[in-house]
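The following paragraphs lead the reader through one protein chain, from its overall surface to selected details. Please keep the sequence and the model in view while reading.

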Amino acid sequence: MAEANRIFGFDGWQRETIAVQCVSERERTLGSSNRAGWGVTYTARVRISVGDVIREGSGAGHGIDVDLGQAHESALKEAETDAMKRALMTFGNPFGLALYDKQQREVTSSATPASNANPSSRPAEVAPGRESQSTAQREIDPSLDPLDPGTIHQLHSTIRSLPRPALEGLTKAFRKRFQVPPDAPSIADRISQRRHHEWIEAFLVQQQQLVA
């Protein structure tokens, strides 16, 4: 999921579990103590949507626990995760076995074109003589200070966890507030300054108040 957020943007892809089924549930002994427990197996099918591109994957998960409910929960989660991974693998090396390559050779070579495919996602080049002006402007206006990578990652995770209606509302409002071009597929790469952080926090507080 972190890799999908990095490549597509947290608001640039969707995951949907379209089928799930318990295919096995039986009593079994656990460990060397031979305690009574349960073994459960689920199958799942997950759909990944990135714009108009839709991919699906199937997976299986197994749960073993003394508690039957816990065994079901473990098996279901594992099946959905396995299906999601198989669906994402169809998008290329960044989601496939190349991730296990310690040198990350295939990941780097395949991820580079993806990041370059969208010119609007790349930082604009600073014209000669404008860099000092930009620096001076940030000193005057602290809201333009850049965010550290940890804060950006935390914001992405928080936004990604929002319910779909709230996520769509935040994305739409952010685009309008910070004049994100319509052809930009995601706002993820636009979250880079303190003013973005403060605006998002205010939006989330407002959403919590509306829910309460």
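To what does the accessible surface of the protein chain come, and what percentage of it belongs to carbon and sulfur atoms? The surface comes to about 13500 Å², of which carbon and sulfur atoms account for 51%; such areas are computed by the Shrake-Rupley method with a 1.4 Å probe, and for residues only the protein chains shown count as cover. This is a predicted model, in which local features need pLDDT of at least 70 and side-chain atom pairs count only at pLDDT 80 or more, while totals for chains, interfaces and linings use all residues. Residues are numbered from 1 along each chain as its sequence is written, and side-chain values use heavy atoms, with hydrogens and water left out.

The chain contains seven helices and three strands, taken as DSSP runs numbered from the N terminus (helices H or I, at least four residues; strands E, at least two). Along the sequence the pattern reads α-β-β-β-α-α-α-α-α-α. Of the 212 residues, 32% count as buried (buried is under 20% relative accessible area, exposed over 50%, partly exposed in between, with a 1.4 Å probe and protein chains only).

Threonine 41 lies in strand 2 (residues 35–50) and is buried, with a relative accessible area of 17%. Its side chain makes a polar contact with that of histidine 62 at 3.0 Å; a polar contact is a pair of N or O atoms within 3.5 Å, where within protein one must be able to donate a hydrogen and the other to accept it, and residues adjacent in sequence count only if both atoms are side-chain atoms.

Helix 5 (residues 149–160) offers a second point of detail. Its buried residues are Thr151, Leu155, His156, Ile159 and Arg160. Seen down the helix axis, these buried residues fall within an arc of 165°, so they line one face of helix 5; the arc is that of the directions from the axis to the C-beta atoms. The face turned away from this buried side carries the exposed residues His153 and Gln154.

Ile159 also belongs to the largest nonpolar core, of 19 residues, where Ile159, Leu170, Phe174, Ile191 and Ile200 touch the most other members. Helix 5, helix 6 (164–177) and helix 7 (194–211) each give two or more residues to this core. A nonpolar core is a set of buried Ala, Val, Leu, Ile, Met, Phe, Trp, Tyr and Cys residues joined through side-chain atoms within 4.5 Å. A second, separate core of eleven residues includes Val50, Ala83, Met84 and Ala87.

Terms used:
Expected span 1.5 Å × (residues − 1).
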